[in-house]
Amino acid sequence: MKLRRASGLTFGFANQALFLVTVWYLFWFLRDGSIQSSHGNWILVDTVLALVFAFAHSLMLAPKTRRVLSKWIPSAFYDSVFCVVTCVSLLVMFVGWRTSETTLWQATGQTAAFVRTAFYISWGALIYSLSLTGLGYQTGWTPFYHWLRQQPSPRREFKPRGAYKLFRHPVYLSFLGLVWFTPTMTLDHAVLTAIWTAYIFYGSFLKDRRLEFYIGEPYKYYQARVPGYPLFFWGPLGRRGAKSAEIIPEEPSSLPAAEPQREAA
């Protein structure tokens, strides 16, 4: 029993350290580009690395994956395992990424300052958006902390607030800013931007599907009132079922979500 608890403590705290290291490298990677100077066969290598992250992230979020892995992973550590998989896939990408010698644009002067400022604002918006849904769930800290105190993890409620009252995916929108706002757009960064932009929009659709599955009718009512993104008026990322929302007198925002403990970004 002591060995099991010691293993849990080590894994939980190591995961938090890994998360901080990954965020540090992610910041500089997106701001200044690859830490590697290799150029050979970059398009194949970089495309595979970008897709590996997207695939690993989506696979761990899938309800079926959670059901299967939960047979072996305690619920208090599933979000930590998700965080580890995400971090490792990103770190592998940082180490393996290769650069292109082709530059599509190079901003200077006030334009470069504006783009840099927008990049930093996007980071602030990302942290703000994650805090609205519970940053501790995103990193696995909250369920691990309650396990540490030998308490059950608190049940989360689906209750949109802040930016989530304006659109459904502020986290993903913030991340778009991180990949687009760069004063130097090299061809390899353009490939990353294209792949991750497509993944972000597809991931937004998948997230809506997941939350419909986990939360049910309250999330469907929410989709009927709130678009996925600003200026998206129709389609899967617009307001869905808006006509049915007109006859609903009050949004049932205080109903709890059964699963998962973390609303995935």
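On a 1 Å grid over the protein atoms alone, a pocket is an open set of points with protein on both sides within 12 Å along at least five of seven lines, and its lining residues have an atom within 4 Å of a point. A cavity, by contrast, is a set of points where a 1.4 Å probe fits but cannot get out. Keep these two in mind for the tour below.

The model here is predicted, so local features need pLDDT of at least 70 and side-chain atom pairs count only at pLDDT 80 or more, while totals for chains, interfaces and linings use all residues. Residues are numbered from 1 along each chain as its sequence is written, and side-chain values use heavy atoms, with hydrogens and water left out.

**Overall layout**

The protein chain holds eleven helices and two strands; here helices (H or I, at least four residues) and strands (E, at least two) are DSSP runs numbered from the N terminus. Read from the N terminus, the order of elements is α-α-α-α-β-α-α-α-α-β-α-α-α. Of the 265 residues in the protein chain, 47% count as buried, where buried means under 20% relative accessible area, exposed over 50%, and partly exposed in between (1.4 Å probe, protein chains only). Contact means heavy atoms within 4.5 Å. Among contacts between residues at least 6 apart in sequence, 82% join residues at least 24 apart.

**The largest pocket and a small cavity**

The largest pocket contains about 660 Å³ of space; a volume is the space filled by probe spheres set on the grid points, which are joined across faces, edges and corners. Its lining has 26 residues, and Phe 19, Leu 26, Leu 126, Leu 130 and Phe 175 lie nearest the centre. Helices H1 (2-32), H2 (42-61), H4 (75-96), H5 (109-133), H6 (135-139), H8 (170-180) and H9 each supply at least two lining residues. H4 gives the most, with five. By class, the lining of the largest pocket divides into 20 nonpolar, five polar and one charged; Ala, Val, Leu, Ile, Met, Phe, Trp, Tyr, Cys and Pro count as nonpolar, Asp, Glu, Lys and Arg as charged, and the others, Gly among them, as polar.

A search of the whole structure also turns up two cavities of 30 Å³ or more. The second largest has a volume of about 30 Å³, and Tyr 25, Phe 29, Ile 35 and Phe 94 line it. That lining has four nonpolar, no polar and no charged residues.

**Helices H7 and H8**

H8 is largely enclosed by the rest of the structure, because nine of its eleven residues are buried. The buried residues of H8 are Pro 170, Val 171, Tyr 172, Ser 174, Phe 175, Leu 176, Gly 177, Leu 178 and Val 179. Their cover includes H1, H5, strand S2 (184-186) and H9.

In H7 (residues 141-148), Thr 142, Pro 143, Phe 144 and His 146 are buried, and what covers them includes H1, H4 and H6. Just after H7, Gln 150 takes a positive phi of about 60 degrees.

**Helix H9 and its partner H10**

Two packed helices are described by the angle between their axes and the distance between the axes. For H9 (residues 187-215) and H10 (residues 217-225), the axes come within 6 Å and cross at roughly 140 degrees. That makes H9 oblique to H10, given that angles under 35 degrees count as roughly parallel, over 145 as roughly antiparallel, 65 to 115 as roughly perpendicular and the rest as oblique. The axes are lines fitted to C-alpha atoms, for helices over the stretch in contact, and angles run from 0 to 180 degrees between N-to-C directions. H9 contributes Asp 208, Leu 211, Glu 212 and Ile 215 to the contact, and H10 contributes Glu 217, Pro 218, Tyr 219, Lys 220 and Gln 223. By class, this contact has four nonpolar, one polar and four charged residues.

**Three residues side by side**

| Residue | Helix | Relative accessibility | Class |
|---|---|---|---|
| Ser 204 | H9 | 0% | buried |
| Phe 205 | H9 | 23% | partly exposed |
| Val 48 | H2 | 43% | partly exposed |

Leaving aside neighbours within four places in sequence, Ser 204 is in contact with His 169, Tyr 172, Tyr 229 and Leu 237. With residues up to four places away likewise not counted, Phe 205 touches Pro 236 and Leu 237. The C-alpha atoms of Phe 205 and His 169 are separated by 9.8 Å, with their positions 36 residues apart along the chain. Val 48 and Trp 97 are 49 residues apart in sequence and 9.8 Å apart in space, C-alpha to C-alpha.
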